[in-house]
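Trainee: I have a new structure open and I'd like to learn how to read it. Could you take me through it feature by feature?

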Amino acid sequence: MLALCIWGLAALTCLLCLLLPRMDGDAAVYALIAKNMVLTGDWTNLYFQGKDWLDKPHLPFWLVAGSFELFGVNERAYLLPGLLFYLLGAWATYRLARHFYAERRVALVATLLYLSLLGPLLAASDQKAEVYLLGLLPSASYAWLKFERRGTFRWGLLGALFTACALMTKGVFVLLLVGSGLVALLLWRRDWAGLFHWKWLAAAAGCLLFLMPELASLYLQFDAHPEKQLFGRDHVSGVRFFFWDGQFGRFLNTGPIQNEKGSPWFFFHNLLWTFFPWVLALLAAAAATLSGLSRRTTASSTSGDGPATTAADGARPGQEAQVFLWTMFLTSFALFSATAYQMDYYLVIAFPYAAILCARWLVVNERRLPRWWLRLHVGFCAFVLLLVIGLGIAQATRGGLNLVLPLLFGLGGIALATILRRPAPLVLALVLGATSAMAAFAFAVQVQRELYLGYNGGRQTALYLNAQAPQRVFLAAPDLKTFNFLSRHPVTKIDDGRALAQALSAGNSLYLVAVADQIDALLAGAPPSLRVEALHDIEELDTPKQFLGKVLKDDRALPRRTIRVLRLSTT
């Protein structure tokens, strides 16, 4: 039954993401860069709106560009690679749990918890780089644990490949996360020979070998062209940016990309919703671990970790699992809390490890789950489920959420039927947690999709101009990233009236897309003979993240701006 639920959650997540895609924010930027790769055939250089782009490594763009080559340039093809890595994370979570614990139910529960965590679900929908790390980090951890125990070429090769891919996704800080758990495990064992074994040098060489495509691409685009201007200066080194400025420079606020608004408490309250609905289980697992440490217990049976049996693959449960998994999670938590550059989705890459810790606590205490914990968990999940259903009904009365409302009622029906059957406490906790999380995810995805369809000016402008088949299109609103991605015609970005005058001098007519309030300034120096024809106006929300505002109050009260399509001609 657990395996069936896991397959159902995985399928439902993929269906929701693929049936209700959206392309805005960072996703539109990444998709546009990958689209440029496909159109130009240049898979080495990263360009955004005609300019060199140096922020994220290449791997996600290569994967998305490959998906575009296979399935065409569209929103769903962009989502597909990230969803595959999200599912890879589910497999790696299962394998890691099986490595440490002989009981298969721990691995199954851990996988179910991973697939029902709100933070990773939203990451799968938003398609930030973190969704790729959800698959790569636990896969690398599993391969290195096997390599540490067996020392075989196969596991060393897989560990190097997964680690290099993680580096080519987010940068070298990933090494701190990949290595922290393994180093802590060897230190806890006092295995000095294993810690300083020559095989780790071979592993590092393998990582460097797999990393060469990234380093070569960065060198060819930036280091080989010191005359290029980026971040307001020349002589920008792409290799240095990869190894330092891109990650450690950002974390220490010494690089070209900085943020002054970080707080050491940010991820404490962030965890309350990104780890929903299992945050209470995580707190309980942490309390159990601290209780075991305070009693100075070494036997895993007294620490609440069950008998010190040996797993089928030679790994033993108990404190080794606690040391490795808590180190992986807490290292990520401390690293991201210490930096000033913080985003709410950063910490999700550590959730596979936390899911295993929660699963072990739930399974060990299956027959004696604390009554207070069960009441809090079930009550909170039921409240969220009822709230989401209520919001869905309210939105449906205003003409929205037609696709998701039946799903919300179905999830509510499953939860109600489970409660009425009075199942075992663990079953009740799992069902209520999974249904409430999927309901919240489905509601968020649908509302964001509705806003995207109705209020994303870039999308609506692209659909309009695609039907017109214009010869020359110029964009004076650089934040309309979705327009650049969905447009079937070449789009040239212009910054001011001088650039517009040069464009007019090169041809008789053109189409101009601009924010209505900025058009007068753009045309201030235009010749009197210029003919200006307003073709189409599109209203969009100026703050699209306020999606709940549209649900809870009249959407006419939300701030808007007008995107205008003009045809300019000199004859």
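**Reading the packing**

Mentor: Let's start with one residue: Tyr142 is buried, with a relative accessible area of 4%. Keep in mind that this is a predicted model.

Trainee: How do I decide whether a residue is buried or exposed, say Trp91?

Mentor: Look at the relative accessible area: under 20% is buried, over 50% is exposed, and partly exposed is in between. Trp91 has 42%, so it is partly exposed.

Trainee: What kind of aromatic pair do Trp91 and Tyr142 make?

Mentor: Check the angle between the ring planes, since over 60 degrees counts as edge-to-face. Here the planes stand at 90 degrees and the ring centres are 6.0 Å apart, so the pair is edge-to-face. Searching the whole structure turns up 26 aromatic pairs.

Trainee: Which helices hold Trp91 and Tyr142?

Mentor: Trp91 belongs to helix α4 (residues 75–100) and Tyr142 to helix α7 (residues 130–150). The two are 51 residues apart in sequence, so the pair ties together separate parts of the chain.

Trainee: What about Phe324 and Tyr353: how are their rings arranged?

Mentor: Their planes are at 65 degrees and their centres 6.4 Å apart, so this pair is edge-to-face. It links distant parts of the chain, with Phe324 in helix α16 (residues 319–338) and Tyr353 in helix α17 (residues 351–364), 29 residues apart. Phe324 is buried at a relative accessible area of 1%, and Tyr353 also counts as buried, at 1%.

Trainee: Which residues form an aromatic cluster?

Mentor: One cluster is made of Phe173, Phe266, Phe267, Phe336, Tyr345 and Tyr346. Now look for a charge over a ring: the charged end of Lys128 sits over the ring of Tyr345, 5.0 Å from its centre. Elsewhere, the charged end of Lys199 sits over the ring of Phe147, at 5.3 Å from the ring centre.

Trainee: Let's move on to the core. Which residues touch the most other members of the largest nonpolar core?

Mentor: For a core, you follow buried nonpolar residues joined through their side chains. The largest one here has 177 residues, and Leu113, Trp144 and Phe275 touch the most other members. Helix α20 (residues 425–455) supplies the largest share, 17 residues. Another core lies apart from that one, with 15 residues, including Ala503, Leu510, Ile519 and Leu566.

Trainee: What is Phe275 in contact with, beyond its neighbours within four places in sequence?

Mentor: Leaving those neighbours aside, Phe275 contacts Leu117, Leu282, Phe351, Ala354, Ala355 and Cys358.

Trainee: Back to helices. How do I find the buried side of one, such as α23?

Mentor: Note which residues are buried, then see where they point around the axis. In helix α23 (residues 497–505), the buried ones are Leu500, Ala503 and Leu504. Their arc around the axis is only 100 degrees, which puts them on the same side of α23. Arg498, Gln502 and Ser505 are exposed on the other side of α23.

Trainee: And what covers the buried residues of α23?

Mentor: The cover includes β3 (473–475), β5 (509–515), α24 (519–522) and β7 (560–569). Val515 is part of strand β5, and at 7% relative accessibility Val515 counts as buried. Beyond its neighbours within four places in sequence, Val515 is in contact with Ala477, Arg561, Thr562 and Ile563. The C-alpha atoms of Val515 and Pro478 are 9.9 Å apart, with their positions 37 residues apart along the chain.

Trainee: Where does Leu59 sit, and what is it in contact with?

Mentor: Leu59 is in helix α3 and is buried, at a relative accessible area of 9%. Setting aside neighbours within four places in sequence, Leu59 contacts Leu136, Cys165, Met168, Thr169 and Glu214. Leu59 and Glu214 are 155 residues apart along the chain, yet their C-alpha atoms are separated by 7.9 Å.

Trainee: One more: what lies 2.6 Å from a polar atom of the side chain of Ser67?

Mentor: That is the backbone oxygen of Ala77. Ser67 lies in helix α3 (residues 59–71) and counts as buried, at 5% relative accessibility. Outside its neighbours within four places in sequence, Ser67 is in contact with Gly72, Ala77, Leu80 and Pro81.

Notes
Residues are numbered from 1 along each chain as its sequence is written. This is a predicted model: local features need pLDDT of at least 70, side-chain atom pairs count only at pLDDT 80 or more; totals for chains, interfaces and linings use all residues. Side-chain values use heavy atoms; hydrogens and water are left out. A nonpolar core is a set of buried Ala, Val, Leu, Ile, Met, Phe, Trp, Tyr and Cys residues joined through side-chain atoms within 4.5 Å. Buried means under 20% relative accessible area, exposed over 50%, partly exposed in between (1.4 Å probe, protein chains only). Helices (H or I, at least four residues) and strands (E, at least two) are DSSP runs, numbered from the N terminus. Contact means heavy atoms within 4.5 Å. Rings of Phe, Tyr and Trp (its six-membered ring) pair if their centres lie within 6.5 Å; planes under 30 degrees apart count as stacked, over 60 as edge-to-face and the rest as tilted. A charge sits over a ring if NZ of Lys or CZ of Arg is within 6 Å of the ring centre and within 35 degrees of the ring normal. A polar contact is a pair of N or O atoms within 3.5 Å; within protein, one must be able to donate a hydrogen and the other to accept it, and residues adjacent in sequence count only if both atoms are side-chain atoms. The arc is that of the directions from the helix axis to the C-beta atoms.
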